[in-house]
Amino acid sequence: MSLSFKERLKHNLYILFFGLTKVRLILFCRPKIIDITNNEVILSVPLNRKTRNHVGSMYIGAMTVGVDLVTGLTAMLSIRKSKRNIVVIFKDLNATFFKRAEGNTHFICRYLSEIEQAVQEVIKTKNRVNIEVPVIAIVPEKLGDEPIAEFKITLSMKEK
């Protein structure tokens, strides 16, 4: 099941608001939710003059924003369902690059059920839970579904 236009708009407005009020770098990169299904969350960061580096591909900082946001948003979906006050931070990031991101880059998180389980563990144990989340990056307009990079970001959650 994919997002309706109204749901996608709601999520994108949330990202815009979060960028305006909390993390200005998110606003600077202009990410957009492409789709949220039961299996994956897809977020796009445009390649433009703000996100482009000196060789014409996406700057690593802009890619990090995409990874951070797609993982954080995936966690926030589970946290909102739980209606608990769980704080999310990121502990570390590992990146492997295969090709340059020479177009709008999609960041895909397919770890929804594992993140949901981690949220339930936080609620049950009241302890901090760390989970390593894989994210892939693709440039669909240039390379289709071929990954240009793989990331592993450790999501750390604790109930406040």
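Reader: In what order do the six strands of the open sheet come?
Author: This is a predicted model, and its six strands make one open sheet with antiparallel pairing. Each edge strand pairs on one side only, and those edges are β1 (32-36) and β3 (86-97). On average, neighbouring strands here are turned by 25° against each other, direction ignored. Reading across, the order is β1-β2-β4-β5-β6-β3.

Reader: Okay, zooming in on one edge: which residue in β2 is the bridge partner of Ile36?
Author: Start with the two strands: β1 pairs with β2 (residues 41-45) in the antiparallel sense, over four bridges. Ile36 lies in β1, which covers 32-36. Its bridge partner in β2 is Val41.

Reader: Which strands does helix α1 touch when it packs on the sheet?
Author: Helix α1 covers residues 5-21. Its direction makes about 140° with that of β1. Packing on the sheet, α1 touches β1 and β2.

Reader: And what angle does the direction of helix α3 make with that of β3?
Author: Helix α3 (residues 60-82) packs on the sheet too, touching β1, β2, β3, β4 (105-109), β5 (129-138) and β6 (147-159). With the direction of β3, that of α3 makes an angle of about 145°.

Reader: Back to α1: why are its buried residues on the same side of the helix?
Author: The residues in question are His11, Asn12, Ile15 and Gly19. As a rule, an α-helix has 3.6 residues a turn, so residues three or four places apart point the same way. In α1 the buried ones end up on the same side because, around the axis, they cover an arc of only 95°.

Reader: Then which residues are exposed on the other side of α1, and what do the buried ones pack against?
Author: On the other side, Lys6, Lys10 and Phe17 are exposed. The buried residues of α1, in contrast, have packing partners: α2 (24-29), β1, β2 and α3.

Reader: How many disulfides does a search of the whole structure find?
Author: A disulfide is a covalent bond between the sulfur atoms of two cysteines. Here, the sulfur of Cys109 is the nearest cysteine sulfur to that of Cys29, and it is 19 Å away. The cut-off for a disulfide is 2.5 Å, so Cys29 is in no disulfide. The search finds zero.

Reader: Is Cys29 buried or exposed, and what is the relative accessible area of Cys109?
Author: Buried means under 20% relative accessible area. Cys29 has 3% relative accessibility, so Cys29 counts as buried. Cys109 is buried as well, and its relative accessible area is 0%.

Note on methods
Residues numbered from 1 in each chain as written. Predicted model: local features only at pLDDT ≥ 70, side-chain atom pairs only at ≥ 80, totals over all residues. Heavy atoms only, no water. Pairing = 2+ DSSP bridges. Axes fitted to C-alpha atoms, helices over the stretch in contact; angles between N-to-C directions. Contact = heavy atoms within 4.5 Å. Buried < 20%, exposed > 50% of the residue type's maximum accessible area, 1.4 Å probe, protein only. Arc of directions from axis to C-beta.
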